[in-house]
There are 2 protein chains.
Amino acid sequence: MQHFTHHSEENYLKTLYKLENGKVKKVNNIALSKALELNPATVLEMVRKMAERQLVELLADKTIQLTDKGRKKALQIIRKHRLWEVFLVDKLNYKWNEVHDLAEQLEHIESDDLIQRLEAFLGFPSVDPHGDPIPDEHGKLKKIKTQPLSDAPIKKKVTVASLANSSNEFLKYLDKAGISIGDKLEVLEVEAFDGSMKVLHKKSSITLSNEAASNILVVV
Amino acid sequence: MQHFTHHSEENYLKTLYKLENGKVKKVNNIALSKALELNPATVLEMVRKMAERQLVELLADKTIQLTDKGRKKALQIIRKHRLWEVFLVDKLNYKWNEVHDLAEQLEHIESDDLIQRLEAFLGFPSVDPHGDPIPDEHGKLKKIKTQPLSDAPIKKKVTVASLANSSNEFLKYLDKAGISIGDKLEVLEVEAFDGSMKVLHKKSSITLSNEAASNILVVV
DNA sequence: TCATAAAATTTGGGATGCCAAATAAAATAA
DNA sequence: TTATTTTATTTGGCATCCCAAATTTTATGA
């Protein structure tokens with residue numbers, strides 16, 4: 001019977017990848033600890049082990065950085081996570097804001113073959129239910145040029161591509177508003193005072209705060 | 001991020017259940033150790049912990065026995081295992097002899113809701129790809145009255161229901177012979193000398209050893 | 001019954017991951 | 001520059017599962 005070897009390591013890799021590709025440039029021990037919700041002592045210990053395994057580098061200024069090898073591994077996990085999310089939403093009818101924790105478990109299943117078959121079964125989706133692109137089997141990631149809805153041109157039809165914020169609160173907010181990835185929107189009017197906007201959505205006009213609009217990423 | 005707490009325990013429960021419901025009546029430490037491929041010291045330690053958790057009982061004669069609580073848990077795991085096997089075969093086109101190790105991983109995913117949805121998605125199958133019945137959500141198991149093909153009446157059409165032996169060798173053997181769960185068979189002739197038999201299968205006559213025939217379970 | 005084989009148990013470790021609390025080092029503010 | 005805060009690191013431990021090598025108990029056969 002088999003163990004989930006380096007199951008934790010996978011969480012470190014994924015989290016590190018997300019931090020490096022998020023707002024933060026330099027990831028230090030504290031930042032990683034907070035993101036993983038683990039004790040800094042724990043994280044330091046693990047990071048050192050991962051450095052031995054050539055998955056991360058500890059720079060002179062204490063920055064923790066993924067190596068190419070580590071980044072590749074991280075992308076494999078993200079690939080698995082996102083494909084399982086598609087499965088959960090498309091096949092098991094979960095809502096997009098319900099799938100994260102389950103995908104978190106499923107992403108650790110070890111089998112490249114399984115993932116290839118799953119991908120084919122799902123019809124080679126290019127994005128997950130949150131609109132985030134799914135890396136290919138080599139870890140390549142297609143980037144989609146998106147912009148916040150708050151910056152979108154007025155009176156142009158745009159499509160919801162992904163979200164800048166995947167917090168549960170925001171996902172629920174969008175769910176209540178009925179907004180999903182792939183929906184068409186059109187900015188009707190922007191309020192100069194607070195940046196809130198009137199937006200056409202499914203033939204009706206809704207109002208979004210600047211906060212909400214800046215977290216909805218769209219393609220023109 | 002979440003741990004697979006008591007992941008091992010689930011393997012103990014499942015293995016114990018299978019031993020108790022197999023040929024062996026009394027399961028001792030050695031038998032369980034062998035089945036789990038673990039050191040007896042390890043198994044003893046774990047069994048004692050599981051006894052504290054009321055999952056097993058250690059009888060006076062050293063027999064290890066599942067409690068009702070333990071059996072219920074074991075059946076939940078078997079349920080998950082078998083449903084995932086159906087998924088792998090029906091949806092991802094795996095062969096029935098390829099799915100065991102993957103299902104072994106998937107069965108540890110923690111979510112009752114996921115399993116219910118998976119079951120619905122698969123169309124509420126009653127048996128797994130090996131013909132073994134899938135326990136319902138309460139752990140109830142429909143028993144099918146099967147008999148070894150070697151005991152089947154002559155010149156009666158019977159249906160392959162399950163296998164008494166799920167070893168990889170046997171599964172491959174059946175795969176080569178083209179015999180699957182649900183296939184119709186008819187015993188044409190039994191050789192008194194060695195118990196081998198001529199069997200009608202898909203309009204052609206094949207010969208099976210007594211060894212093979214006694215591991216193929218059929219319903220009349 | 002007595003020797004021997006088999007099974008059960010004890011003992012001392014190991015690896016992985018985790019934590020709290022103490023200390024050291026570095027960065028920031030006054 | 002010194003005091004304060006933040007970050008990094010060390011230390012000692014804990015829980016879960018696992019092992020090998022005794023040792024003790026129990027069974028079995030002669």
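Which residues are closest to DNA strand C? I looked this up first, in what is a predicted model.

**Conventions.** Local features need pLDDT of at least 70 and side-chain atom pairs pLDDT 80 or more, while totals for chains, interfaces and linings use all residues; side-chain values use heavy atoms, with hydrogens and water left out. Residues are numbered from 1 along each chain as its sequence is written, and chains are lettered from A and ligands numbered from 1 in the order in which they are written.

**DNA strand C.** I find 18 residues around the strand, each with a heavy atom within 4 Å of it. The closest are Ser8(A), Asn39(A), Thr42(A), Leu44(B) and Arg48(B). Of the strand atoms within 4 Å of the protein, 71% belong to sugar and phosphate.

**Phosphate contacts.** I checked polar contacts next (N or O pairs within 3.5 Å). Ser8(A) has a side-chain N or O atom 3.0 Å from a phosphate oxygen of DNA strand C. For Thr42(A) the distance is 2.9 Å. From chain B, Lys62(B) places a polar side-chain atom 3.2 Å from a phosphate oxygen of the strand.

**Helices.** I noted which helices (DSSP runs of H or I, at least four residues) supply at least two residues each to this surface. They are H1 (7-20) and H3 (40-52) of chain A, with H2 (29-36) and H3 (40-52) of chain B.

**Two copies.** I compared chains B and A by least squares on C-alpha atoms of residues with pLDDT of at least 70 in both. A rotation of 180° with 0.0 Å of shift along its axis superposes B on A, RMSD 0.2 Å. The copies are thus related as by a two-fold rotation axis. In chain B, Leu106(B) has the C-alpha nearest the axis, at 3.8 Å.

Notes: A polar contact is a pair of N or O atoms within 3.5 Å; within protein, one must be able to donate a hydrogen and the other to accept it, and residues adjacent in sequence count only if both atoms are side-chain atoms.
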